[in-house]
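Let's take a walk through this structure, from its inside to its charged pairs. Have a look at it first.

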Amino acid sequence: MAAGFWTSLARPRVFARVTRWMLPLLLTAGGGLLVAGIWQAFIVSPPDYQQGETVRIMYIHVPAATISMGLYVSMAIAAAVSLIWRHMLADLFCRAAALPGAVLTLICLVTGSLWGLPTWGTWWVWDARLTSVLILFFLYLGYIGLADAFDRPERGEQAGAILLLVGVINIPVIRFSVDWWNSIHQPASIIRKGGISIDPSMLIPLGLMFGAVACLAGALILIRMEAEILRRRIAAREARLAQMGEA
Amino acid sequence: MMALIARDLRLIARAPGDWLMALAFFAMVVAIAPLALGPEPELLRRISAGMVWIGALLSLLLTMDRLMRADHQSGMIDLVVAQQGSLIGYLVAKCVTALVSTLLPLIICSPVLGIMLGLPVWPEAGLLSLSLLLGAPGLTGLGVMGAALTLGARRGAVLLVLILLPLTIPLVIFATSGLDAALTGLDPWPHFKLLAGLSLGLGVTAPLAALGALKLAIEE
């Protein structure tokens, strides 16, 4: 049943129907989580015993970082789907997710810099973690540029799909950069081998913000996909009208 | 395939302007470094390997844009498909062309530019040339892939640089850290072995992506 549900989602008409109730759901959930998360992050959660108030940057930095990487992986999966089965919705997903992904990566880099100055004493260092995230940002930009560079949008999307698959090699590098090399960035410290290693007073706002960013990014992608579908429908109708005018 | 390679090599020999221009561009990029950063010998020696690599990369990526464009526009790629049924031979020929017409001149001229920036003649300038040679398979593979992906694109040349530079970063890192090690009296070989491994891996896998991209380009 589960597989049937997911494959039926790939049909544009079903997708449109699901989006109709999914979008308000995601928007309300995202908005609610965002309000709760900001309240928790700024008011309820305690300052860190070492970093003081600057630790609150974490509540936007970590969700942005994780979701920007997650979006890239999901785009790469969609790219594989699109190259194997030539499915239009997979291409639309990649196109729609690229800009939110790039913006989230930028948010991650900027908040990381702002957090780095008080804690590390520098805005930026050229170490493995920071550089590989910067490369992720460039990969997003490269995809956006390539997808938009052709007269026929399908050609840009297919070429972009190949680029996405090649670039996915960067994701494990980002993930493990803090373990493979000596990095100024701390290693993974929310979930370690021994279980969750962060206090609930910080885990709760982090979880809320994580949910908020995920829901809002999902909603944004759905809106962008719908807009692109409508734009193509308009273009097709205009082409038809022009043909009728000629005849 | 041999016929394709021979044709491309003849084209290169008869129109030397293309690759000479790339070489001049390479020399200019490297020569701007002492002018922009000041002629202090110690500083220039430190950055020489990196500057030569940056110049080589930019020069390579800018010429890759032209690698298949004429063939695409004249319909030659379609002809190859119609005749041979596959693009593999054509791609191999293009890799050889890119290697001979762009990378080989860069590899040969790089020690001269390194020495101009104050790199000791032996072994460092030789190692610089060697690092480009080791990186050549990967650079060629990536370059051909980028050329195939952006075939027929608007603003193709800029786009090519934008999508390929991030992918070449690992090669640059291993090459320049090897040369850095050599300059400080350490063993460059661990870095160079990683560079060679990565470069050969890319040299095999990137043309596969190029094959897919080329098929897309000729569908239109």
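## Core, interface and salt bridges

The largest nonpolar core has 121 residues, and those with the most contacts inside it are A:Met75, B:Trp53, B:Met68, B:Tyr90, B:Met145, B:Leu149 and B:Leu214. A nonpolar core here is a set of buried Ala, Val, Leu, Ile, Met, Phe, Trp, Tyr and Cys residues joined through side-chain atoms within 4.5 Å. Buried means under 20% relative accessible area, exposed over 50%, and partly exposed in between (1.4 Å probe, protein chains only). There's also a second, separate core of eleven residues, including A:Tyr59 and A:Met209.

A quick word on the ground rules: this is a predicted model, where local features need pLDDT of at least 70 and side-chain atom pairs count only at pLDDT 80 or more, while totals for chains, interfaces and linings use all residues. Residues are numbered from 1 along each chain as its sequence is written, chains are lettered from A and ligands numbered from 1 in the order in which they are written, and side-chain values use heavy atoms, with hydrogens and water left out.

Now for where the chains meet. In total, 21 residues of chain B are in contact (heavy atoms within 4.5 Å) with 20 residues of chain A. Together the two chains bury about 1,800 Å², 69% of it on carbon and sulfur atoms; that's the accessible area (1.4 Å probe) that two parts lose on being put together, summed over both.

How many salt bridges cross the interface of chain B and chain A? The rule finds one, and A:Asp151 forms a salt bridge with B:Arg154. A salt bridge is a side-chain nitrogen of Lys or Arg within 4 Å of a carboxyl oxygen of Asp or Glu. Over all chains, a search of the whole structure finds 15 of them. Here are some:

| Pair | Closest N to O |
|---|---|
| A:Asp151 and B:Arg154 | 2.5 Å |
| A:Glu228 and A:Arg231 | 2.3 Å |
| B:Arg7 and B:Asp71 | 3.4 Å |
| B:Arg46 and B:Asp180 | 2.7 Å |

In the A:Glu228 and A:Arg231 pair, A:Glu228 counts as buried at 11% relative accessibility, whereas A:Arg231 counts as exposed at 54%. Both also belong to a network of salt bridges, with A:Arg95, A:Asp148, A:Glu157 and A:Arg232.

Over in chain B, B:Asp71 is buried, with a relative accessible area of 5%, while its partner B:Arg7 counts as partly exposed at 26%. B:Asp180, which pairs with B:Arg46, is partly exposed too, with a relative accessible area of 31%.
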